[in-house]
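Student: I have this model open on my screen and would like a close look at its sheet. Could you walk me through that part, and through what packs around it?

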Amino acid sequence: MALEPEGNNRLLQDVLARPGDGTCADCGNPEPDWGSLTLGVFVCQACSLLHRSIPHITRVKSVQETWDASEVELMAAMGNDAARAKYEQKVPAFYYRPTHTDCKLLREQWIRAKYERNEFEFIEKQEPYSAGYREGFLWKRGRDNGQFLSRKFILSEREGALKYFNKQDARDPKAVMKIETLNATFQPAKIGNPCGLQITYLKDNSTRNIFVYHSDAKEMVDWFNAIRAARFHYLQVAFPGASDEELVPKLTRNFMKEGFMEKTGPKHTEGFKKRWFTMDDRRLMYFKDPLDAYARGEVFIGSKENSYTVLSGLPPSTQGCRWNHGITIVTPDRKFLFACETEAEQRDWIAAFQRVINRPMRPQEYAVEAHFKHKP
């Protein structure tokens, strides 16, 4: 005898309670409230909207709606764990698996790579980012005029570098970015393009930014994962005993925090100036504009064992700041004074600084600290 709709939905809740089905199949968000009737996976609302963009592959339905017996049977027969075993069976270790906090572009291309392009069932489909060499054109923001112009980029694991050329037939690259110090992070809001990627590297031990995008979302995500693959293979050689689990977090990193603060100079007598700050691990950089190529300055943030502390507020004698929510960073050499516009921003910045200060320094970070101390 067929179950009443209420009975079907009770069975659906039982399926949802299984291990693996309690988080979104695509981004890991807890308590997914949609199901794909074609793929047999449970997904969150945000991912369900991305599934709707590929209706020829997947058709979604809210778990709050009325389900019939055949739909519940399909979800019970598949489920998230079985779907992962099928659609994610050959995901390379370096490939970026987005979470619910990542930008829409990364999440959508992950969903399309799995279910539409079947990239992780057939290794040959991973050629665009796993070959160790990639060449193509990206729109790059000009350092001085701010215009985006088409530039040729070449990523070569063999040469250990990402290069770009100002002219199509140029023999010499405009810049050579060593894979050793390369980082890439999607910045759609900052760059003003849904495919906007910020690439950073070290030049003379200072951070250099370039901002690029491509009109094709897959192309941009393939570049991102090609950079991660190159970093992965570099680190495998540099740290031969390290496991994949140890190396993967080092491939690319999002910035810990970004935003505007005011700052004053080393004598604390100048007026405060508004600057854009980027916290990249232990490097706190400040820029006049968020899209500047070079930082106006960098501050090294060490650990509490090495006499670094962060304090709420500013010294009583401080003058010249328009914003009222101060932060003092104490280093072995001097105090850095910053001011935030809101209390919430102050709280978030202090939390970011505290996370870094609470973490013991690694041996290689002492060399970075020494470089900062000897800067003119």
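**A walk to the sheet**

Tutor: Happy to. Let's start with a landmark: UniProt, in an unreviewed entry, places an Arf-GAP domain at residues 9–128. Please keep in mind that this is a predicted model. Over residues 9–128 the chain is 40% helix and 7% strand, and the C-alpha atoms at the two ends are 43 Å apart.

For the wider setting, the protein chain has eleven helices and 17 strands. Its C-alpha atoms fill a box of roughly 85 × 55 × 45 Å along the principal axes. Of the 376 residues in the protein chain, 50% are buried.

Now to the sheet you asked about. Seven strands form an open sheet in the order 14-13-12-11-17-16-15, and the pairing is antiparallel. Its edges are strand 14 (297–300) and strand 15 (309–312), each of which pairs on one side only. From one strand to the next, the twist averages 35°. As a reminder, strands of a sheet pair through backbone hydrogen bonds, either parallel or antiparallel.

Zoom in on the edge at strand 14. Strand 13 (residues 283–287) runs antiparallel to strand 14, and four bridges join the two. If you want a spot to click on, take Tyr-286: its bridge partner in strand 14 is Gly-297.

Next, look at what packs on this sheet. Helix 10 (residues 343–357) lies across strand 11 (257–263), strand 12 (273–280), strand 13, strand 15, strand 16 (325–330) and strand 17 (335–340). The direction of helix 10 is at about 110° to strand 11. Helix 11 (residues 363–373) also packs on the sheet, where it touches strand 13 and strand 14. Relative to strand 14, the direction of helix 11 makes an angle of about 130°.

Finally, here is a helix pair to set beside the sheet. The axes of helix 5 (residues 104–116) and helix 8 (residues 217–238) come within 10 Å and cross at roughly 95°. Angles of 65 to 115 degrees count as roughly perpendicular, so helix 5 is roughly perpendicular to helix 8. On the helix 5 side, Leu-105, Leu-106 and Gln-109 make the contact, and on the helix 8 side Ala-217, Lys-218, Val-221 and Phe-224 do. Sorted by class, this contact has five nonpolar residues, one polar and one charged.

One last number for the chain as a whole: among contacts between residues at least 6 apart in sequence, 52% join residues at least 24 apart.

Key
Residues numbered from 1 in each chain as written. Predicted model: local features only at pLDDT ≥ 70, side-chain atom pairs only at ≥ 80, totals over all residues. Heavy atoms only, no water. UniProt positions renumbered as here; feature names shortened; annotations may be inferred. Pairing = 2+ DSSP bridges. Axes fitted to C-alpha atoms, helices over the stretch in contact; angles between N-to-C directions. Contact = heavy atoms within 4.5 Å. Parallel < 35°, antiparallel > 145°, perpendicular 65-115°, else oblique. Nonpolar A, V, L, I, M, F, W, Y, C, P; charged D, E, K, R; others polar. Buried < 20%, exposed > 50% of the residue type's maximum accessible area, 1.4 Å probe, protein only.
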